[in-house]
Amino acid sequence: MDFIETITQRNDAFVSARHSASLKIIPSTKTILIGCLDPRVDPMDVLGLKPGEAAIIRNIGGRMNPALVETLILLPAVAKAAGQEMGLGWNLVILHHTDCGIIGCYKLAPDLLAAHLGVTRSELDSMAITDPRKAVAMDIAAYKANPALPAGFMISGLVYDISTGKIEVVVPPSRLRLES
Ligand SMILES: [Zn+2]
C-alpha cells in the first residue's frame, strides 16, 4: 500500500471517529503559532494541541520572512470575514528548535536562504541561524518593529529541545506593540 492509500484509510477512521463539523475558523485559543516544518517538531504533537485550538504556520526554521509577514498581514481580513476583529486577546507564538535544518541551509545554500529570508548575504550572518535561542529573540524584536502587523497580539518565543522534548520559554509573552 502506498502512503496515499494509507492516509486515505486513516482519514476514513478520522471521519468515523473524530471529525467535528462544529470547529470554528477562528482558533479557539486565538493563537497563531509559527514553527518549523521539521516533522520532529509538530506543534500539534509536542505541545499537545487539540483540533481547532491554534492556527499553525510552518516554514524552514520558523524564521520571519517576507512571505510569513504577508500571511500575518492578511489574517485580520480572514478573522473579519469570520466576524471577529484581531484586537486584544490574540497570541502569536514563535517556536524554534535545536538541531534545525536551517543550519544546513546556512552552510550549504546561504544565498538561497538569504533570498528566502529577504535579507542580504551579509545580513544573514548576523541572524543567529545556528542559535535558536538568539534567533527567536531576534525574530520577536523584528516582529515588534514591523508596524504592518496587528498590534494587539501577545507575542512569545519558545525553543524546543530535540534531544529532551522539552520547550523553554525564551521570550515571555508581551504585547507586540502598545498602540492598538
Ligand atoms: Zn527546523
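With its 180 residues, the chain would be expected to have a radius of gyration near 16 Å if it formed a compact globule, and because the value found is 17 Å, the chain agrees with that expectation. The model is a predicted one, and along its principal axes the C-alpha trace spans about 55 × 45 × 30 Å. Of the 180 residues, 23% count as buried. Among the contacts in the chain with a separation of 6 or more, 65% are made by residues 24 or more positions apart.

If you follow the chain from the N terminus, you meet seven helices and five strands, which run in the order α-β-α-β-α-β-α-α-α-α-β-β. The helix α1, residues 3-17, reaches 21 Å from its first C-alpha to its last, and this is close to the 21 Å expected at 1.5 Å a residue. This helix is hardly covered by the rest of the chain, since the count of buried residues among its 15 residues is zero.

The five strands form an open sheet, in which the order is β2-β1-β3-β4-β5 and the pairing is mixed. At the edges of this sheet lie β2 (54-59) and β5 (167-175), each of which pairs on one side only. Neighbouring strands of the sheet are turned by 15° against each other on average, if direction is ignored. As a general point, strands of a sheet pair through backbone hydrogen bonds, and the pairing may be either parallel or antiparallel. The pair β4 and β5 is an antiparallel one, joined by six bridges, and along this pair Y160 stands opposite I167 in β5. The helix α7 lies across β3, β4 and β5, and its direction is at about 165° to that of β4.

In soluble globular proteins, nonpolar side chains tend to be buried together. In this chain the largest nonpolar core holds 28 residues, of which L92, V93, I94, L95 and L158 touch the most other members. Two or more residues of this core come from each of the elements β1 (31-36), α3 (66-81), β3 (91-97), α7 (132-144) and β4 (154-160). To see the surroundings of one core member, look at L95: apart from its neighbours within four places in sequence, L95 is in contact with L33, I34, G35, P43, G62, L158 and Y160.

Two places in the backbone deserve a careful look. Most residues other than glycine have a negative phi, yet K30, which is not a glycine, has a positive phi of about 50°. K30 is found in the loop between α1 and β1, and K30 is buried because 20 other C-beta atoms lie within 10 Å, where 20 or more is what the term requires. A128 likewise has a positive phi of about 50° although it is not a glycine, and its place is in the loop between α6 (121-124) and α7. A128 has 16 C-beta neighbours inside 10 Å, and therefore counts as partly exposed.

A last loop to visit is the one between β4 and β5, where T164 is placed. T164 has 9 C-beta neighbours inside 10 Å, so it counts as exposed, given that a residue with 12 or fewer is placed in that class. The C-alpha atoms of T164 and G101 are separated by 18 Å, and these two residues are 63 residues apart along the chain.

Notes. Residues are numbered from 1 along each chain as its sequence is written. This is a predicted model: local features need pLDDT of at least 70, side-chain atom pairs count only at pLDDT 80 or more; totals for chains, interfaces and linings use all residues. Helices (H or I, at least four residues) and strands (E, at least two) are DSSP runs, numbered from the N terminus. The radius of gyration is taken over C-alpha atoms; the globule rule is 2.2 Å times the number of residues to the power 0.38. Two residues are in contact if their C-beta atoms, placed from the backbone, lie within 7 Å. A nonpolar core is a set of buried Ala, Val, Leu, Ile, Met, Phe, Trp, Tyr and Cys residues joined through C-beta atoms within 7 Å. The expected span of a helix is 1.5 Å times one less than its number of residues. Two strands pair if DSSP finds at least two bridges between them. Axes are lines fitted to C-alpha atoms, for helices over the stretch in contact, and angles run from 0 to 180 degrees between N-to-C directions.
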